[in-house]
Amino acid sequence: MLTLRSFPGVHLAGVVLIFLRVITVHHLWDKFCDGDYATAYAVSSLGTNVGVSLFPLTLHHLELYQGTRGATTLMGGVLLNTIVVAMLASPRTPTSRRPDGSHSDLGSNSSHKNEKYDSAPASSGREQRWYEKFDSWALDTIGFIRRNPSFPLFLVLSILVEFSFVTWALYLVPYGESIGMSRERAVYLPTIGGAAGLLGKLCLVVAARFESLNALNVFAVPSLVIAVSYIVTFLWESFGTFAVAALFGGFCIGLQGSGKFAMVPHVVQEQDFRQAIGWLLTGYTLSALSGGIISGLLRDLTGSFSATFALVSSACLLNSLLALIWWIYS
């Protein structure tokens with residue numbers, strides 16, 4: 001049984017996940033900003049759904065033999081392999097010796113990347129006060145929104161997507177168990193959804209390749225399908241119904257999860273890409289923190305997971321409506 005002692009580790013894992021997403025998005029933008037960024041990001045995120053498909057089932061079987069602590073320890077050991085893989089995959093930058101004996105990187109464009117800093121005016125030497133920094137940030141944000149007027153709506157849609165995903169990931173198995181499924185059967189629901197999400201991301205690769213990403217196929221239609229799949233589970237409470245809902249919901253969640261990041265270059269100017277990613281990941285953090293709490297609190301107040309997924313269905317319907325209006329008037 002999990003206790004409060006596990007919470008710091010959970011939060012630390014969440015912080016690490018955010019940093020990994022930031023690094024991944026920025027690295028792909030640096031390498032593929034000429035036109036293949038959307039495809040590269042869609043391909044790079046395929047592994048996420050492999051994990052969604054395999055980890056719940058693997059953890060369940062490990063827990064039967066090793067207990068909760070043993071299962072999570074073993075899975076943590078598996079995840080440590082990412083450090084080794086990252087080190088092996090990192091290319092070594094060749095260096096050359098200058099006449100003065102110092103070394104320089106042959107493969108870096110650091111001089112090119114730092115031109116704007118070299119040409120910036122020198123600081124006056126006075127450190128800005130906190131209210132001056134806030135004013136500067138506020139003006140910068142206002143300028144960002146003026147240059148990219150559709151981004152605030154895009155951010156709201158992305159937050160609604162993350163809210164539905166967090167609730168789906170946390171409560172799909174307990175929801176199945178609450179209607180009488182055995183844990184051995186319910187644990188297959190995220191496996192079905194994760195496999196379907198993998199197919200959704202493969203479809204995104206094709207869509208991104210043809211630059212056909214828009215509010216209709218990234219937000220409106222997938223959100224509507226997710227909402228309908230949840231509503232169906234209220235009418236027919238069986239493993240087959242939940243499996244079909246997990247199939248369609250997982251497909252659309254996989255498409256949306258990567259689709260919103262792949263769509264960023266179509267929404268903001270190139271110079272604002274990094275700032276847009278920062279706002280998106282801020283929204284992701286807020287929805288990840290609040291989604292599980294709000295959904296769990298609703299379940300505790302009502303005593304039913306149906307109320308939780310009814311809330312998520314409403315969020316998906318709102319997402320679909322807003323995205324449809326954006327697509328019509330864009």
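A salt bridge here is a side-chain nitrogen of Lys or Arg within 4 Å of a carboxyl oxygen of Asp or Glu. The model is predicted. By this rule the chain holds 4 salt bridges. One of them joins Asp272 and Arg147, whose closest N and O atoms are 2.8 Å apart. The chain has 330 residues, and 35% of them count as buried. Its secondary structure comprises 15 helices and 2 strands.

**Overall fold**

- Among contacts in the chain with a separation of 6 or more, 77% link residues 24 or more positions apart.
- The accessible surface of the chain is about 19400 Å². Carbon and sulfur atoms contribute 66% of that surface.

**Salt bridges**

- Asp272 sits in the loop between helix 13 (264–267) and helix 14 (273–302), while Arg147 belongs to helix 7 (residues 130–147), so their salt bridge ties together parts that are 125 residues apart in sequence.
- Asp272 has a relative accessible area of 3%, so Asp272 is buried. Its partner Arg147 is partly exposed, with a relative accessible area of 31%.
- Arg183 pairs with Glu177 in another salt bridge, with the closest N and O atoms 3.4 Å apart. Arg183 is partly exposed at 38% relative accessibility. Glu177 is partly exposed at 29%.
- Arg299 forms a salt bridge with Asp300, the closest N and O atoms being 3.8 Å apart. Arg299 is partly exposed at 29% relative accessibility. Asp300 reaches 56% relative accessibility and therefore counts as exposed.

**Helix 11**

- Helix 11 covers residues 215–235, which makes 21 residues. At 1.5 Å a residue, helix 11 should span 30 Å. Its end C-alpha atoms are 30 Å apart, so the expected span and the model agree.
- Asn214 caps the N-terminal end of helix 11. A side-chain oxygen of Asn214 lies 2.9 Å from the backbone nitrogen of Leu216.
- The buried residues of helix 11 include Ala215, Val218, Phe219, Ala220, Pro222 and Ser223. Ile226, Ala227, Ser229, Tyr230 and Thr233 are also among the buried residues of this helix.
- The cover over these buried residues includes helix 8 (151–178), helix 12 (239–262) and helix 15 (305–329).

**Nonpolar surface patch**

- Leu224, Val228, Ile231, Leu235, Trp236 and Leu317 make up a nonpolar patch on the surface. Together they have about 570 Å² of accessible area.
- Helix 11 supplies the largest share of the nonpolar patch, with 4 residues.
- Ile231 is part of helix 11. Its relative accessibility is 35%, so Ile231 counts as partly exposed.

**Buried polar residues in helices 8 and 15**

- Ser164 belongs to helix 8. Its relative accessibility is 2%, so Ser164 counts as buried.
- The Ser164 side chain reaches the backbone oxygen of Val161 at 2.7 Å.
- Setting aside residues up to four places away in sequence, Ser164 touches Tyr230, Val312 and Cys316. Tyr230 is one of the buried residues of helix 11.
- Thr308 is in helix 15. Its relative accessibility is 0%, so Thr308 counts as buried.
- The side chain of Thr308 reaches the backbone oxygen of Ser295 at 3.0 Å.
- Leaving aside neighbours within four places in sequence, Thr308 contacts Thr167, Tyr171, Ser295, Leu298 and Arg299. Arg299 is also the salt-bridge partner of Asp300.

Definitions and conventions: Residues are numbered from 1 along each chain as its sequence is written. This is a predicted model: local features need pLDDT of at least 70, side-chain atom pairs count only at pLDDT 80 or more; totals for chains, interfaces and linings use all residues. Side-chain values use heavy atoms; hydrogens and water are left out. The expected span of a helix is 1.5 Å times one less than its number of residues. Buried means under 20% relative accessible area, exposed over 50%, partly exposed in between (1.4 Å probe, protein chains only). Contact means heavy atoms within 4.5 Å. A polar contact is a pair of N or O atoms within 3.5 Å; within protein, one must be able to donate a hydrogen and the other to accept it, and residues adjacent in sequence count only if both atoms are side-chain atoms. Patches are made of residues with over 30% relative accessible area and no salt bridge: like charges are joined within 9 Å, nonpolar side chains (Val, Leu, Ile, Met, Phe, Trp, Tyr) within 5 Å. Accessible areas come from the Shrake-Rupley method with a 1.4 Å probe; for residues, only the protein chains shown count as cover.
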